[in-house]
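Here's a quick report on a single chain, going from the whole fold down to a couple of spots worth a look. Load up the model and follow along.

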Amino acid sequence: QVHLVESGGGLVQAGGSLRLSCAASGRTFSRYAMGWFRQAPGKEREFVAGINWSGDTPSYADSVKGRFTISRDNGANTMYLQMNSLKPEDTAVYYCAQSPAVGDLHRGYWGQGTQVTVSS
């Protein structure tokens, strides 16, 4: 059974930084793509960033390019999202996801989410 647990969310002022983590268990972590999605109140869940199994091909939504960095540590079965220059519009519940390919993340396994709130 795949189990994904997000952590690292919280309240931060605009311009600040947070680092999210996603700890995975249940199957061989290094064989799967990982990614982050977010959902703000009243909005659809949206893709934020994805990374392939080896970590050498990250991809980002235009809204976070240059501010967020996705990475993974296959030895620790953990994925990260470093979020810098945070804006109030980044406020959302952030979810991690796992699937065979980045393009399939929306159909993969999901964690329970971690709240990120950016105050202006």
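## Burial and surface

Of the 120 residues in the chain, 42% are buried. Keep in mind that this is a predicted model, so every figure here is computed from predicted coordinates.

On the outside, the accessible surface adds up to about 6,100 Å². Carbon and sulfur atoms account for 47% of that area. As for charges, the chain carries 11 positive and 9 negative ones, and the mean positions of the two sets sit 2 Å apart.

## Overall fold

If you go looking for helices, you'll come up empty: the chain has zero helices and 11 strands. Walk along the sequence and the pattern reads β-β-β-β-β-β-β-β-β-β-β. The radius of gyration is 13 Å, close to the 14 Å that the globule rule gives for 120 residues, so the chain is as compact as a globular protein of that length.

In terms of extent, the C-alpha trace covers about 40 × 25 × 25 Å along its principal axes. Contacts also reach across the sequence: take those between residues at least 6 apart, and 57% of them join residues at least 24 apart.

## The disulfide

How many disulfides does the structure hold? Just one disulfide turns up, and it links C22 to C96 with an S to S distance of 2.1 Å. C22 belongs to strand 3 (residues 18-25) and C96 to strand 9 (residues 92-99), so the bond ties together parts that are 74 residues apart in sequence.

Is the pair buried or exposed? Both C22 and C96 are buried. For anyone who likes torsions, the one about the S-S bond of C22 and C96 is about 50°, so this disulfide is right-handed.

## A look at N74

Now for a loop residue. N74 sits in the loop between strand 7 (68-73) and strand 8 (78-83). Its relative accessibility is 26%, so N74 counts as partly exposed; the cut-off for buried is under 20%, and exposed means over 50%.

Which residues does N74 touch, once its neighbours within four places in sequence are set aside? The contacts are F29, S30 and W53. With W53, the separation along the chain is 21 residues, while the C-alpha atoms of N74 and W53 are 8.4 Å apart.

Note on methods
Residues numbered from 1 in each chain as written. Predicted model: local features only at pLDDT ≥ 70, side-chain atom pairs only at ≥ 80, totals over all residues. Heavy atoms only, no water. Helix = DSSP H or I, 4+ residues; strand = E, 2+ residues; numbered from the N terminus. Rg over C-alpha atoms; globule rule 2.2 N^0.38 Å. Buried < 20%, exposed > 50% of the residue type's maximum accessible area, 1.4 Å probe, protein only. Contact = heavy atoms within 4.5 Å. Areas by Shrake-Rupley, 256 points an atom, 1.4 Å probe, with all protein chains shown as cover. Lys, Arg positive; Asp, Glu negative; His and termini not counted. Charge placed at Lys NZ, Arg CZ, Asp CG, Glu CD. Disulfide = S-S within 2.5 Å.
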